[in-house]
Amino acid sequence: MTEKQKILIVDDDTNIAELISLYLTKECFDTKMVADGETALTVFSSYKPDLILLDLMLPGIDGYAVCRELRKTSQVPIIMLSAKGEVFDRVLGLELGADDYIIKPFDPKELIARTKAVLRRFHPVQSSLEPASQPSDKTVQYPDLIVNLSNYSVIYYGENVEMPPKELELLYFLASNPNQVFNREQLLDNIWGYECAVDTRTVDVHIKRLREKLNDHESWAISTVWGIGYKFSTKR
C-alpha cells in the first residue's frame, strides 16, 4: 500500500486550517496542523512533511522567517498563503525559497491542484535512484555542467548542486535551447504554465538564484538580453 504524502499546514486561523485539512484528507493526504512558526520548525523534523502550506502572518515567528530557516537545511516544497497580494510580498516569498504563492481568499480546489502540481515536480528529487551521470534523453551537458531532468539533478564542476524543481526546470529549458532568447512571458508559460499566479518578476527571481549557484563559465553563461529577456549563451 502506498504511503500517504504528508502536508504540514501552518496557519493560526483554525477555521482555514481545518478547511484545508478537510479537502486534503479527501484527496488522501495525511495532514498535520500547527498554529505558529516556532511549532512548525519543531514539528518539521519529526513529522517530515512532503510539502508545507505556510501562512505568512503568524504569531511570533512569521512565515518569511520560517521559510528562511527551513531553507538552511531542506528543499521541502513550500507554498506560501497570504492575504498580502502586493508584488513585493510575492517576490520576497519566492526569493526566500518558496515554490508557489497563493493569495487569500482562495478556492480550495485551486489549492489542491497547486499542491499536487508542486508535489509532482518535486517527487523525482526525493525518489529517483538513477545516477546523475547516467545517459538520458532529458540531459543537457556543457563543460563542467550536467543538467538532468529525468532525476532532477545538476552536476557543476563534479559536485551536485541542490536546487528546487522550478529553478532546475528553468535551467534545463534555457540550456536545451542555447543562444535562443526568451522573454519573461514565454518562460512563465513554458515553466510555470497555468499555475503561475505571480507576475513576470518570478522569472527574474529564479534567474538570480541560478546565477548565485552557477557562475559564468568560459564556455557558457546565463545571459540577460536587455529589454527582452534571457538566454543560455554558448561560445561556439
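Two strands count as paired if DSSP finds at least two bridges between them, and the strands themselves are DSSP runs (E, at least two residues), just as helices are (H or I, at least four), numbered from the N terminus. Before you start: this is a predicted model, where local features need pLDDT of at least 70 and side-chain atom pairs count only at pLDDT 80 or more, while totals for chains, interfaces and linings use all residues. Residues are numbered from 1 along each chain as its sequence is written, and side-chain values use heavy atoms, with hydrogens and water left out.

**Exercise 1. Work out the strand order of the five-stranded open sheet, then place helix α1 on it.**

Step 1: Trace the pairings, and you get β2-β1-β3-β4-β5, with parallel pairing.

Step 2: Look for strands that pair on one side only; these edges are β2 (30-34) and β5 (100-103).

Step 3: Check the twist. Neighbouring strands are turned by 20° against each other on average, direction ignored (axes are lines fitted to C-alpha atoms, for helices over the stretch in contact, and angles run from 0 to 180 degrees between N-to-C directions).

Step 4: Now add α1 (residues 14-26). This helix packs on the sheet, touching β1, β2, β3 and β4 (78-82), and its direction makes about 170° with that of β2; contact here is heavy atoms within 4.5 Å.

Step 5: Zoom in on β1 (residues 6-10) and β3 (residues 51-55), which four bridges join. Val10 has Leu54 as its bridge partner there.

**Exercise 2. Find out which elements supply the largest nonpolar core, and which one gives the most.**

Step 1: Collect buried Ala, Val, Leu, Ile, Met, Phe, Trp, Tyr and Cys residues joined through side-chain atoms within 4.5 Å. Buried means under 20% relative accessible area, exposed over 50%, partly exposed in between (1.4 Å probe, protein chains only).

Step 2: The largest such set has 30 residues, and Phe232 is among the members touching the most others.

Step 3: Sort by element: β6, β7, β8, α6, α7, α8, β11 and β12 each supply at least two residues. The winner is α6, with seven.

Step 4: Don't miss the separate second core of 21 residues, which includes Val10 and Phe44.

**Exercise 3. Classify the ring pair Trp220 and Phe232.**

Step 1: Rings of Phe, Tyr and Trp (its six-membered ring) pair if their centres lie within 6.5 Å; planes under 30 degrees apart are stacked, over 60 edge-to-face, the rest tilted.

Step 2: The centres are 5.6 Å apart and the planes at 15°, so this pair is stacked.

Step 3: Check burial: Trp220 has 3% relative accessibility and Phe232 has 0%, so both count as buried.
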